[in-house]
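Reader: I should like a close look at a single part of this model, namely the salt bridges and their surroundings. Please set out the partners, the distances and the exposure of the residues in one connected account.

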Amino acid sequence: MCLPAAVGAPALITGMKGLMVAGTAASVAGSGMQMYGQYQQGKAAESAANYNARMKELAAESVNDQTSHEVRQRNDKLQKQIALGRVSAASSGIDLSSGSVLDWEGDMQTDANTDMAVIRHNAELQKFGLRSGAALDRANAGNSMNAAYWGMGTTALSGTGRIAGDWADFKLAGG
């Protein structure tokens with residue numbers, strides 16, 4: 001059964017006003033949810049970047065232990081080589097207190113010292129790279145939150161414009 005036009009029009013206008021109010025409320029809620037999501041995304045990115053920075057810092061600290069171990073290994077190798085050389089020379093009847101044996105030991109020591117200096121230098125380069133990476137990650141952590149705040153601000157502005165437009169339409173419709 002159809003209602004007369006005079007009876008249906010007020011009901012239709014009331015229904016439209018309700019939809020406009022609901023649409024405005026949905027815009028407010030949607031903007032709020034989007035802003036919260038942007039904030040959470042920024043916090044997650046910040047947390048991940050800080051974690052990565054900490055892992056690089058810990059790796060840089062462990063380089064010292066690794067370097068000490070490598071230097072000890074190289075020194076142990078040197079001592080074994082010298083001992084074997086001295087045993088070999090002594091068994092051949094060569095005087096161990098002068099001459100070519102001492103020259104050979106000096107050359108071995110110089111080579112080992114060079115190797116250990118290279119090990120230490122490479123470790124310093126590795127630590128520098130890790131610490132530089134950690135500093136970059138820390139900067140990225142801060143940038144993640146800045147980006148989140150800018151995104152939230154943009155959402156707030158565009159959401160406010162959308163809500164104002166919805167409200168104006170509601171008022172123009174007689175609400």
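Author: Lys 56 is a suitable starting point: its relative accessibility is 28%, so Lys 56 counts as partly exposed. The model is a predicted one, and the distances and areas given here are to be read accordingly. Lys 56 forms a salt bridge with Asp 137, in which the closest N and O atoms are 2.9 Å apart. This pair links distant parts of the chain, since Asp 137 belongs to helix 2 and Lys 56 to helix 1, with their positions 81 residues apart in sequence. Asp 137, at 11% relative accessibility, falls under the 20% limit and therefore counts as buried.

A further salt bridge joins the side chains of Glu 57 and Arg 138, at 3.1 Å from N to O. Glu 57 lies in helix 1 and Arg 138 in helix 2, so this pair ties together parts that are 81 residues apart in sequence. Arg 54 also enters the picture, because salt bridges that share partners join Arg 54, Glu 57 and Arg 138 into one network. Glu 57 is partly exposed, with a relative accessible area of 24%, and Arg 138 is partly exposed as well, at 35%.

The structure holds seven salt bridges. One of them lies within helix 1: the side chains of Lys 43 and Glu 46 meet at 3.2 Å, N to O. Lys 43 and Glu 46 are three residues apart in helix 1, which means that about one helical turn separates them. Lys 43 has a relative accessibility of 35% and counts as partly exposed.

The surroundings supply other kinds of detail. In helix 1, which covers residues 5–91, lies Tyr 51. Its relative accessibility is 52%, so Tyr 51 counts as exposed. Together with Met 55 and Leu 58, Tyr 51 forms a nonpolar surface patch with about 280 Å² of accessible area.

Helix 2 spans residues 100–172 and contains Thr 155. Thr 155 is buried, at 5% relative accessibility, and a polar contact of 3.0 Å joins its side chain to that of Gln 38. Beyond four places in sequence, Thr 155 touches Ser 31, Gln 34, Met 35 and Gln 38.

As to confidence, the mean pLDDT of the protein chain is 85, and 90% of its residues reach 70 or more. Residues 6–10 stay under 50, and the model has zero contacts for them beyond four places in sequence. Where pLDDT is low, predicted coordinates should not be read in detail.

Notes
Residues are numbered from 1 along each chain as its sequence is written. This is a predicted model: local features need pLDDT of at least 70, side-chain atom pairs count only at pLDDT 80 or more; totals for chains, interfaces and linings use all residues. Side-chain values use heavy atoms; hydrogens and water are left out. Patches are made of residues with over 30% relative accessible area and no salt bridge: like charges are joined within 9 Å, nonpolar side chains (Val, Leu, Ile, Met, Phe, Trp, Tyr) within 5 Å. Accessible areas come from the Shrake-Rupley method with a 1.4 Å probe; for residues, only the protein chains shown count as cover. A salt bridge is a side-chain nitrogen of Lys or Arg within 4 Å of a carboxyl oxygen of Asp or Glu. Helices (H or I, at least four residues) and strands (E, at least two) are DSSP runs, numbered from the N terminus. Buried means under 20% relative accessible area, exposed over 50%, partly exposed in between (1.4 Å probe, protein chains only). A polar contact is a pair of N or O atoms within 3.5 Å; within protein, one must be able to donate a hydrogen and the other to accept it, and residues adjacent in sequence count only if both atoms are side-chain atoms. Contact means heavy atoms within 4.5 Å. pLDDT is the predictor's confidence in each residue, from 0 to 100.
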